[in-house]
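Opening a fresh page for this one. I want to go through confidence, strand pairing, cores and odd backbone angles, in that order.

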Amino acid sequence: MNEVKCTIIQDVLPLYVDEVVSEDTKEMVEQHLHQCEYCRREYRSMKQAVHIPAENKGSALIKIKKRWRKKKWIIAMASILATMALLFGMFAYIFYFETVIPYSEELITIEAQDNQLVSRYSGKSYAGVHATLPMTVEIDGIEKNVIVMFYTQTLYDSPSGSFINPKENTNIQGSTFQLSREQEVDLVYYAEFDAEEIFVEKRNDIIERATLIWERSP
Ligand SMILES: [Zn+2]
């Protein structure tokens with residue numbers, strides 16, 4: 001009798017553990033558990049099994065933590081990349097971003113050396129020289145051979161850049177740039193320009209905003 005009852009109890013035990021049995025069944029199970037060691041053990045292991053979802057919650061937490069750790073890692077990588085981009089931007093700005101050096105008589109002079117017209121830059125350093133070849137421009141109704149030029153600097157070679165390259169403070173006694181044969185040039189202007197402006201119809205636009213810095217003595 002007891003044996004038969006055990007199998008019945010085993011059948012309903014899961015429902016009992018889930019607390020979905022009727023009062024009668026509940027009473028029957030409890031009575032049986034009270035006197036049957038075997039079913040009691042079965043009941044306990046079943047109850048523990050019910051507790052497993054709680055452990056699952058724990059592993060869910062671990063998963064969330066892992067995901068968060070992954071997220072943190074992504075955030076860290078992103079901020080490293082952002083920092084690198086910023087540094088690269090600063091680097092590019094300091095070393096490559098060119099600005100026009102405003103014309104000044106003390107810094108920039110045009111002189112003739114052995115029939116060659118050269119420009120001399122007396123500042124510390126510069127990034128580049130941009131100069132046209134002698135080009136024909138009609139000025140006050142007279143065709144002239146004109147060179148337009150300008151110097152550029154980056155923050156690296158600008159006076160404010162001296163904190164970046166203090167050793168550059170040594171006085172360079174100017175560097176020269178060969179423009180053209182002197183006899184081919186009537187006027188030298190200083191102005192920023194881009195390549196498209198060198199076309200004949202646009203040349204006067206440059207001249208209008210340019211500074212005349214050298215003129216062939218008559
Ligand atoms: Zn039993």
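My entries follow, one topic at a time.

**Confidence**

I'm working from a predicted model, so I looked up the pLDDT before anything else. The protein chain averages 82, and 83% of the residues score at least 70. Going element by element, I found the highest mean in strand S8 (residues 187-190), at 96. The lowest mean among the elements belongs to helix H3 (residues 37-95), at 78. Then I checked residues 166-173, where the pLDDT is below 50. That stretch has 6 contacts in the model beyond near neighbours in sequence. Note to self: where pLDDT is low, the predicted coordinates should not be read in detail.

**Who pairs with S6?**

Which strands does S6 pair with in the antiparallel sense? I got S1, S4 and S5.

- Strand S1 (residues 99-100) is joined to S6 over 2 bridges, and Val100 stands opposite Thr152.
- Strand S4 (residues 128-131) has 4 bridges to S6. Here Gly128 is the residue opposite Thr152, so I have Thr152 down twice, facing Val100 in S1 as well.
- Strand S5 (residues 135-139) has 5 bridges to S6, with Ile139 partnered by Ile142.

S5 and S6 make a hairpin with 2 residues between the strands. I looked at the backbone there and found Asp140 with a positive phi near 50°.

Is S8 parallel or antiparallel to S6? The two run parallel, joined by 4 bridges. In that pairing Met149 has Tyr190 of S8 as its bridge partner.

**The other sheet I looked at**

Three strands form an open sheet in the order S2-S3-S7, with antiparallel pairing. Strand S2 (108-113) and strand S7 (175-181) are the edges, each pairing on one side only. I get an average twist of 30° from one strand to the next. Between strand S3 (residues 116-121) and S7 I counted 6 bridges, and Arg120 faces Thr176 across that pair.

**Cores**

The largest nonpolar core has 20 residues. Which of them touch the most other members? My list reads Ile147, Val148, Met149, Tyr189, Tyr190 and Ala191. Strand S6 (142-153) and S8 each supply at least two residues of this core, and S6 gives the most, with 6. Met149 and Tyr190 are both on that list, and I already had them as bridge partners across S6 and S8.

I followed Tyr189 a bit further. Leaving out residues up to four places away in sequence, Tyr189 touches Val146, Val148, Ile207, Ala210, Thr211, Leu212 and Ile213.

There's also a second, separate core of 5 residues, including Ile9, Tyr16, Cys39 and Tyr43.

**Positive phi outside glycine**

Two more loop residues went on the list. Glu19 is not a glycine, yet has a positive phi of about 60°. Glu19 sits in the loop between helix H1 (2-17) and helix H2 (23-35). Buried or exposed? I make Glu19 exposed, because the count is 7 C-beta neighbours inside 10 Å and the cut-off for exposed is 12 or fewer.

Asn115 has a positive phi too, near 65°, and is likewise a residue other than glycine. Its place is in the loop between S2 and S3, within the sheet I went through above. With 9 C-beta neighbours inside 10 Å, Asn115 counts as exposed.

Notes
Residues numbered from 1 in each chain as written. Predicted model: local features only at pLDDT ≥ 70, side-chain atom pairs only at ≥ 80, totals over all residues. pLDDT = per-residue confidence, 0-100. Contact = placed C-beta atoms within 7 Å. Core = buried A, V, L, I, M, F, W, Y, C linked by C-beta atoms within 7 Å. Pairing = 2+ DSSP bridges. Axes fitted to C-alpha atoms, helices over the stretch in contact; angles between N-to-C directions.
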